[in-house]
Amino acid sequence: SDQACIGTPSTGKTEWAAMAPARWAAPPAAATITSRPRSSAVAANSLAVIYVGPTLDAWAARIDSSAHVAVLDLLPAERVLDYPSDSERVIDPHFWLDPIVVRDMLPAIVEELTKIDPVSAPLFEENLADFTSELNALHQEIEALLDAARGMKVVQHHPSMNYFLARYGLLASGAIESSPGHEPSPREMERLAQTMRREGVQVN
């Protein structure tokens, strides 16, 4: 069927769209994507465009479609993490790295999908139950693996793992890149090295 949702689900799970089959305008877990003619062509025959949010997928918000769903807008307020900022609030959009946050968002996602395609509501509910079970199992597995590492200080490649770190008790001491593709200067690397030494970050 051409009546499918499209989007950029970083989990790679078709349950995010909860439609079968789903057509993705961009491949799962794609890092940097720009709008392409193929995206518009797929959207023309789709019920909705589903994307993370304007801070990551601004191109998707511009695709012509009868409906758009920014999944970041469905994140419960108490689950939202912010980037450190001295000025305006900047929401960290990488929510999918916390299985519990994703699990808690599923009912709202299903509600939005049901508005778009009421006929598929039974499929959405079935996928909701299955995906919830998978996420609970994944959380328990990660928790067991990282239990001994709680309280450990880590350095991120760029600050995208904050939801994961917060969930499993790891502490961020810094990041190599302040943003994706921003190559650190020698001075920035020296400051990071000083922070790591001061805070006792282990290098394995």
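Which residues have the most contacts inside the largest nonpolar core? Let's go and find them. Keep in mind that this is a predicted model.

Start by selecting Leu75, Phe95, Val102, Met105, Leu106 and Ile109: these are the residues with the most contacts inside the largest nonpolar core, which has 22 residues. Now colour helix 3 (99-116) and helix 4 (121-146), since each of them supplies at least two residues of this core. Helix 3 gives the largest share, 7 residues.

Next, zoom in on Leu106. Skip its neighbours within four places in sequence, and you'll find Leu106 in contact with Leu128, Phe131, Thr132 and Leu135.

Now step back and look at the two helices together. The axes of helix 3 and helix 4 come within 9 Å and cross at roughly 175 degrees. Angles over 145 degrees count as roughly antiparallel, so helix 3 is roughly antiparallel to helix 4. To see who makes the contact, pick the helix 3 side, including Pro99, Val102, Arg103, Leu106 and Val110. Then add residues from helix 4, among them Ala121, Phe124, Leu128, Phe131, Leu135 and Ile142.

For the last stop, move along the chain to strand 4 (residues 153-156) and strand 5 (residues 171-175). How do they pair, and over how many bridges? They pair in the parallel sense, over 4 bridges. Click on Gln156 and look across to strand 5: Ala175 stands opposite. Finally, show helix 5 (residues 162-167) as well, and you have a right-handed β-α-β unit made of strand 4, helix 5 and strand 5.

Conventions. Residues numbered from 1 in each chain as written. Predicted model: local features only at pLDDT ≥ 70, side-chain atom pairs only at ≥ 80, totals over all residues. Heavy atoms only, no water. Pairing = 2+ DSSP bridges. Right-handed = clockwise from strand over helix to strand, strands pointing away. Core = buried A, V, L, I, M, F, W, Y, C linked by side-chain atoms within 4.5 Å. Buried < 20%, exposed > 50% of the residue type's maximum accessible area, 1.4 Å probe, protein only. Contact = heavy atoms within 4.5 Å. Axes fitted to C-alpha atoms, helices over the stretch in contact; angles between N-to-C directions. Parallel < 35°, antiparallel > 145°, perpendicular 65-115°, else oblique.
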